[in-house]
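Student: I have a structure open and would like to know how the terms used for it are justified. Can we go through them one by one?

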Amino acid sequence: MKQEILSRIQKKFPLVQKPFEVIADELGMREDEVLEILQAEKKANIIRQTSAIFDTKRLGYKSSLVAFKIPEEKISTAVKIINAHPGVSHNYERNHDFNIWFTMAVAPDSVLGLEKTIQTLASLTEADDYIVLPTLKLFKINVKLNTTGKDEKKEEVKKVVHKDIKLTPLHHKIIQRVQYDIDFVSEPFADIINDLDIDYETFFNTLQELQEAGVMRRFASILNHRKAGFNANAMVVWDVDETIGDEIGAKAAAFSAVSHCYLRPKYKNWPYNLFTMVHGKTTQETNAMIAEMAQEIESKDYMPLYSSKEFKKVRIEYFTPKFAEWEKKHATVA
């Protein structure tokens with residue numbers, strides 16, 4: 001039942017007072033049995049984090065994927081500099097001349113802005129070259145590892161229309177709390193309810209508002225890929241015709257093994273504009289899936305970029321003073 005539980009908490013975490021009781025009822029188990037399994041998986045670092053997952057842009061942050069070309073002897077120092085920025089959530093070394101890949105976000109009130117912040121990091125790290133790859137179109141972002149082996153190869157990616165919302169002080173307070181990891185206890189939201197002096201109905205209604213507005217993508221558990229047995233995860237980049245980019249992106253996103261699918265800009269030194277993250281347990285399995293995708297995706301060329309090292313993988317902490325502190329410290333460099 002462990003794999004069934006892990007599958008369930010990745011897909012749709014029950015937003016109720018006692019979520020693990022709901023999961024237990026669905027699987028014909030006791031709540032304490034579910035909690036015991038989840039606590040063990042957390043201790044083994046199989047479960048990385050269970051929390052709300054927010055849309056950075058809908059919170060007013062500006063973000064982009066960035067690739068630096070760093071000389072081998074400077075990588076260690078460069079990584080420390082990049083990772084020190086609070087807006088860097090993911091940072092990997094990949095098998096390409098552009099060898100350091102990271103996601104970068106800056107706060108809504110950033111003085112430097114996104115491009116100047118990246119320029120500052122390029123200067124500090126002494127990068128030979130870099131490319132900025134913002135999202136032109138998002139087709140899919142949904143990390144759900146097939147722990148049971150029962151998922152279909154294709155899935156329907158629904159287009160969601162979001163409601164407009166003006167964030168209130170209560171929204172901000174709840175966002176600040178639910179962005180962090182919950183404990184695997186019977187009532188994991190009890191401390192938030194008590195600290196904010198609200199009731200469960202208000203709390204869950206607010207989360208529903210945030211989700212309907214697209215501010216919160218979902219509430220779910222994220223697994224540690226490698227610890228969960230998914231050791232071959234490739235960022236596959238495709239050179240596709242921009243005029244049919246929407247059609248091709250939709251085809252790529254339909255593959256269940258694809259967790260992320262974006263259209264990004266091309267450059268003279270970077271011809272690839274469709275980005276897909278493909279997950280598999282072995283390189284052979286992942287390569288087979290990529291080959292299958294290539295049969296359906298019309299592209300001039302494609303290239304799988306495997307990560308050789310993971311330097312950072314965390315959630316951005318929203319609405320904290322860390323961003324302003326970093327900018328104040330590095331303003332003279334900019």
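Student: In which hand does helix 4 pass helix 5, right-handed or left-handed?

Tutor: The crossing of helix 4 and helix 5 is right-handed. Keep in mind that this is a predicted model.

Student: What makes helix 4 and helix 5 roughly antiparallel?

Tutor: The axes of helix 4 (residues 75–83) and helix 5 (residues 113–125) cross at roughly 150 degrees. Angles over 145 count as roughly antiparallel, so that is the name for helix 4 and helix 5. Their axes come within 9 Å.

Student: Why is the contact of Asp246 and Lys137 called a salt bridge?

Tutor: The N to O distance between the side chains of Asp246 and Lys137 is 3.2 Å. A salt bridge needs a side-chain nitrogen of Lys or Arg within 4 Å of a carboxyl oxygen of Asp or Glu, so the pair of Asp246 and Lys137 qualifies. Asp246 belongs to helix 9 (residues 245–253) and Lys137 to strand 6 (residues 137–141), so the salt bridge ties together parts that are 109 residues apart in sequence.

Student: How do you know that Asp246 and Lys137 are partly exposed?

Tutor: The relative accessible area is 43% for Asp246 and 33% for Lys137. Buried means under 20% and exposed means over 50%, with partly exposed in between. Asp246 is therefore partly exposed, and Lys137 is therefore partly exposed as well.

Student: What makes Arg177 and Asp195 a salt bridge?

Tutor: The side chains of Arg177 and Asp195 meet at 3.1 Å, N to O. The limit is within 4 Å, so this pair is a salt bridge. It links distant parts of the chain, with Arg177 in helix 6 (residues 169–178) and Asp195 in helix 7 (residues 190–196), 18 residues apart.

Student: Why is Arg177 called partly exposed, but Asp195 exposed?

Tutor: Arg177 has 29% relative accessibility, a value between the limits of 20% and 50%, so Arg177 is partly exposed. Asp195 has 53%, and over 50% means exposed, so Asp195 gets that word.

Student: Which residues are joined into one network by salt bridges that share partners?

Tutor: Arg30, Asp32 and Glu33 are joined in this way. Within it, Glu33 forms a salt bridge with Arg30, with the closest N and O atoms 3.2 Å apart. Glu33, at 27% relative accessibility, counts as partly exposed, and so does Arg30 at 47%. In the whole structure, a search finds 15 salt bridges.

Student: What makes the phi of Asp197 worth a remark?

Tutor: Most residues other than glycine have a negative phi. Asp197 is not a glycine, yet has a positive phi of about 55 degrees. Asp197 lies in the loop between helix 7 and helix 8 (200–212). Its relative accessible area of 69% is over 50%, so Asp197 is exposed.

Student: Where is Phe319, and what is its phi?

Tutor: Phe319 lies in the loop between strand 11 (301–313) and helix 11 (322–330). Its phi is near 55 degrees, a positive value in a residue other than glycine. At 24%, which is between 20% and 50%, Phe319 is partly exposed.

Student: How is the chain divided into domains?

Tutor: Domain 1 takes in 1–44 + 161–213, and domain 2 takes in 58–155 + 227–313. Their C-alpha centres lie 28 Å apart.

Methods
Residues are numbered from 1 along each chain as its sequence is written. This is a predicted model: local features need pLDDT of at least 70, side-chain atom pairs count only at pLDDT 80 or more; totals for chains, interfaces and linings use all residues. Side-chain values use heavy atoms; hydrogens and water are left out. Domain bounds come from an automatic or database domain assignment. Buried means under 20% relative accessible area, exposed over 50%, partly exposed in between (1.4 Å probe, protein chains only). Helices (H or I, at least four residues) and strands (E, at least two) are DSSP runs, numbered from the N terminus. Axes are lines fitted to C-alpha atoms, for helices over the stretch in contact, and angles run from 0 to 180 degrees between N-to-C directions. Angles under 35 degrees count as roughly parallel, over 145 as roughly antiparallel, 65 to 115 as roughly perpendicular and the rest as oblique. A crossing is left-handed if the near helix is turned anticlockwise from the far one by less than a right angle, and right-handed if clockwise.
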